[in-house]
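Student: I have a new model open on my screen and would like to walk through it with you. Could we take the packing and then the sheet?

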Amino acid sequence: MNYSQLSQQIQDYCESTEQSFVANIPTFVQLAEERIYNSVQIPAIRKNVTGTTTINYQYLELPTDWLSTFSLAVIDPDTGEYEYLLNKDVNYIRAAYPPPNSYGKPAYYAIFDDTTMLLGPTPDNTYSMELHYYYYPASIVNVNTTWLGNNFETVLLYGSLREAYTYLKGDADLMQYYEQKYQEALALLKRLGDGLDRQDAYRSGQVRIPVT
């Protein structure tokens with residue numbers, strides 16, 4: 001499902017082509033996307049970047065679309081091995097590695113603010129770093145097709161209808177119906193994102209239904 005198809009379905013389900021309603025459809029869709037992306041950890045919300053530290057500088061700049069961290073690793077310049085840093089509070093790093101002589105390979109990181117990480121100890125070399133993080137993918141409103149629209153259109157449709165019908169202040173019974181359909185679709189997406197994507201048949205065995 002692309003955005004044009006989604007927009008048309010929202011108008012058809014809500015039986016409204018009123019100008020202000022149609023003008024607000026992008027908002028309905030984006031609110032639904034935000035809710036979905038905060039409910040299920042699907043691969044589409046994961047991203048990674050590499051960067052380098054600066055010698056004797058304890059801060060590492062975050063990507064502009066960063067929302068939260070999955071992992072941060074320092075790559076050993078001699079062996080190429082990945083060593084994953086532990087997340088700590090800023091206060092912990094400040095106390096454990098006070099200036100001016102707390103230099104070495106970073107072992108800890110803390111979220112300093114919405115644009116910067118604090119490393120401890122302060123890098124004594126130029127280290128390569130790899131950050132895996134959570135972000136909001138581009139909205140289907142802006143790019144026309146997305147992973148969500150291509151693979152789980154039901155959750156996107158009913159999530160958008162939930163927002164659209166709230167805007168229309170529609171009938172309570174129909175609102176409850178759309179909420180139920182959204183929750184059903186979200187449960188299937190959670191089965192994929194928080195279930196199937198985190199196991200395989202070799203490690204977890206094949207999915208079975210108990211026979212009684």
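Tutor: Happy to! Here, contact means heavy atoms within 4.5 Å. Keep in mind that this is a predicted model.

Student: Which residues does Leu6 touch, not counting residues up to four places away in sequence?

Tutor: Leu6 is a good place to begin, as it is among the members of the largest nonpolar core that touch the most other members. Setting aside residues up to four places away in sequence, the residues Leu6 touches are Met1, Val29, Ile140, Leu156, Leu157 and Ser160.

Student: Which helix gives the most to this core?

Tutor: The core has 32 residues. Helices H1 (3–14), H2 (19–37), H4 (140–143), H6 (153–168) and H7 (172–193) each supply at least two of its residues. The one that gives the most, with seven residues, is H6.

Student: How many residues are in the second, separate core?

Tutor: Leu62, Tyr109, Met117 and Tyr127 are included in that second core. Its count of residues is 14.

Student: Now the sheet: which strands are at its edges?

Tutor: The sheet is open, with four strands in the order E1-E10-E3-E4 and antiparallel pairing. An edge strand here pairs on one side only. That description fits strand E1 (46–52) and strand E4 (82–84).

Student: And which residue in E10 is the bridge partner of Val74?

Tutor: Strand E3 covers residues 68–75 and strand E10 covers residues 128–134. The two run antiparallel and are joined by seven bridges. In E10, the partner of Val74 is Met129.

Technical notes
Residues numbered from 1 in each chain as written. Predicted model: local features only at pLDDT ≥ 70, side-chain atom pairs only at ≥ 80, totals over all residues. Heavy atoms only, no water. Pairing = 2+ DSSP bridges. Core = buried A, V, L, I, M, F, W, Y, C linked by side-chain atoms within 4.5 Å. Buried < 20%, exposed > 50% of the residue type's maximum accessible area, 1.4 Å probe, protein only.
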